[in-house]
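Trainee: I would like a close look at a single part of this model, the nonpolar core and the helices around it. Please go through it slowly and connect the pieces.

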Amino acid sequence: MSTESLKREHWQWENAIAGAAAGFATVAVMHPLDVVRTRFQVNDGRVSHLPSYKNTAHAIFTITRTEGLRGLYAGFLPGVLGSTISWGLYFFFYDKAKQRYARSREEKLSPGLHLASAAEAGALVCLCTNPVWLVKTRLQLQTPLHQTRPYSGLYDAFRTIMREEGFSALYRGIVPGLFLQVSHGAIQFTAYEELRKTIVDFKSKRSEIQNQNPDQLLNSVDYAVLGATSKVAAILLTYPFQVIRSRLQQRPGGNGIPRYMDSWHVVKETARFESVRGFYKGITPNLLKNVPASSITFIVYENVIKLLKLARKND
C-alpha cells in the first residue's frame, strides 16, 4: 500500500473519531429534551398510557417530579450508542463519498455532489442504526401509566423484541427513517458546506495573509453559527418523517397488535385526527435540543479534526 493510500485511510478514521466524539458530547447534554420530544411526537390525544404535557417546560417539570432523573434520561444508553455510532459512521461515509467523487475532478465539489455524498452516508447509517433508535424510542416512552411489563434496559429490550415480535420488528420505521436520514443529512451538510465556503471566501478577501488555510480562518463561533443554521433548515423540511418514524416504533399493546401498521397508516390517521399540526408535534423541544446540539457537534468535530491534524504533523 502506498504512503498516500495509508494517509488517506488514516484520515478517514480521524473523521470517524471526531464524529463519534461530537455525537457523544451532543447526547450527554441534550438527552432530556429528546425524551420530551419523543413523548410529544407519539401522543396523538387518543392514548391512555402516555401523560399529556402543556409545553416543553411543563413536560420536563412533570417528568422530573413523577419519574425523577431516571425518567429524563430514559433511553440514554441506546441514545449515546446510536448517536456516537451514527455521527462516527456518518462523517466516515460522507468523507469517503466526497473523496470518491473528488478523484475525477480538479475543481471543488459542486453542491449536487455534496448532496449525493450526504444522502449516501445517511442511507448507510440508517441501515446500521435503526434497531438502536427503535429501542431508544421505546425506552423513552415507558411511563408509570404503561400496562405492559417495562424493559429493564437495552439488552432486555432487544431480547424481548426478538422473542415477542421477531427480528423484523427491529426495523420498524425504516422507511421514514431512510427518508429522514437521507434528506435531513443531505440538506444539513449541503447547507453547512455551502455556508462554510461563503464564510471562508468572505474572510479570505478581508484577510491580509494570502492563501491562508481555511481552518485558520474559522473559529468556534463560526462553527456554532454554521451548525445551527444548517440544522434549522434541515429540521423544518424533514420533521414529519421523525413523527412518522416515532409513531411506528412504539411498542405494541397488550394484544400484540401495533398501533400503526405502516407509514401510510400513520400519515392517514395523523392527517385525519390532527391535520398538519400533528406532523410537527414536539418540534419546539426538537429545535431546543438540536440547534444548540448541532452547534456543539460541529464545534467539537472541527476542533478534534484540527487536533488530530496537529498530532499527525508532529509524528
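Mentor: What follows starts with the core, goes on to the helix pairs, and ends with a few single residues.

The model is a predicted one. Its largest nonpolar core has 25 residues. Within that core, Tyr90, Phe91, Tyr94, Ala118, Phe189 and Tyr301 touch the most other members. Several elements supply two or more residues each: helix H1 (3-42), helix H3 (76-102), helix H4 (111-140), helix H6 (174-206), helix H8 (220-248) and helix H10 (283-314). H3 gives the largest share, with 6 residues. As background, nonpolar side chains in soluble globular proteins tend to be buried together.

Take Ala118 as a way into the core. Leaving out residues up to four places away in sequence, Ala118 touches Tyr90, Tyr94, Gly185, Ala186 and Phe189. Another core, of 9 residues, lies apart from the largest one, and Leu134, Leu154, Ile161 and Leu170 are among its members.

Now the helix pairs, beginning with H3 and H6. The axes of these two helices come within 13 Å and cross at roughly 65 degrees. An angle from 65 to 115 degrees counts as roughly perpendicular, and H3 and H6 are therefore described as roughly perpendicular to each other. Their crossing is right-handed. On the H3 side the contact is made by Trp87, Tyr90, Phe91, Tyr94 and Lys98, and on the H6 side by Gln181, Gly185, Ala186, Phe189 and Glu193. Sorted by class, the residues of this contact are 6 nonpolar, 2 polar and 2 charged. Some names come back here: Tyr90, Phe91, Tyr94 and Phe189 were listed among the core residues that touch the most other members.

H3 also pairs with H4. The axes of H3 and H4 come within 8 Å, with a crossing angle of roughly 165 degrees. Angles over 145 degrees count as roughly antiparallel, so that is the term for H3 and H4. The crossing of H3 and H4 is right-handed. The contact of H3 with H4 has 20 nonpolar, 8 polar and 4 charged residues.

Next come H8 and helix H9, which covers residues 263-278. The axes of H8 and H9 come within 10 Å and cross at roughly 120 degrees. H8 and H9 are therefore oblique to each other. The crossing of H8 and H9 is right-handed. From H8, the residues Val243, Ile244, Arg247 and Leu248 meet Ser263, Val266, Val267, Thr270, Glu274 and Gly278 of H9. By class, the contact of H8 with H9 is made up of 5 nonpolar, 3 polar and 2 charged residues.

The remaining part deals with single residues in these helices.

Ser275 belongs to helix H9. Although Ser275 is not a glycine, its phi is positive, at about 60 degrees. The general background is that most residues other than glycine have a negative phi. Ser275 has 42% relative accessibility and therefore counts as partly exposed.

Asn286 is in helix H10. Buried means under 20% relative accessible area, and Asn286, at 0%, therefore counts as buried. Apart from residues up to four places away in sequence, Asn286 touches Arg37, Ile235, Tyr239, Gln242 and Val291.

Val36 is in helix H1. With a relative accessibility of 0%, Val36 also counts as buried. Neighbours within four places in sequence aside, Val36 is in contact with Thr56, Ala59, Ile60, Ile63 and Pro285. One of these partners, Ala59, is 23 residues away along the chain, and the C-alpha atoms of Val36 and Ala59 are separated by 6.4 Å.

Phe76 is in helix H3. At 28% relative accessibility, Phe76 counts as partly exposed. Neighbours within four places in sequence aside, Phe76 is in contact with Val27, Ala28 and His31. Between Phe76 and Gly153 there are 9.9 Å from C-alpha to C-alpha, and the two are 77 residues apart in sequence.

To return to the starting point, H3 gives the largest share of the largest core, and H3 crosses H6 at roughly 65 degrees and H4 at roughly 165 degrees.

Note on methods
Residues are numbered from 1 along each chain as its sequence is written. This is a predicted model: local features need pLDDT of at least 70, side-chain atom pairs count only at pLDDT 80 or more; totals for chains, interfaces and linings use all residues. Side-chain values use heavy atoms; hydrogens and water are left out. A nonpolar core is a set of buried Ala, Val, Leu, Ile, Met, Phe, Trp, Tyr and Cys residues joined through side-chain atoms within 4.5 Å. Buried means under 20% relative accessible area, exposed over 50%, partly exposed in between (1.4 Å probe, protein chains only). Helices (H or I, at least four residues) and strands (E, at least two) are DSSP runs, numbered from the N terminus. Contact means heavy atoms within 4.5 Å. Axes are lines fitted to C-alpha atoms, for helices over the stretch in contact, and angles run from 0 to 180 degrees between N-to-C directions. Angles under 35 degrees count as roughly parallel, over 145 as roughly antiparallel, 65 to 115 as roughly perpendicular and the rest as oblique. A crossing is left-handed if the near helix is turned anticlockwise from the far one by less than a right angle, and right-handed if clockwise. Ala, Val, Leu, Ile, Met, Phe, Trp, Tyr, Cys and Pro count as nonpolar, Asp, Glu, Lys and Arg as charged, and the others, Gly among them, as polar.
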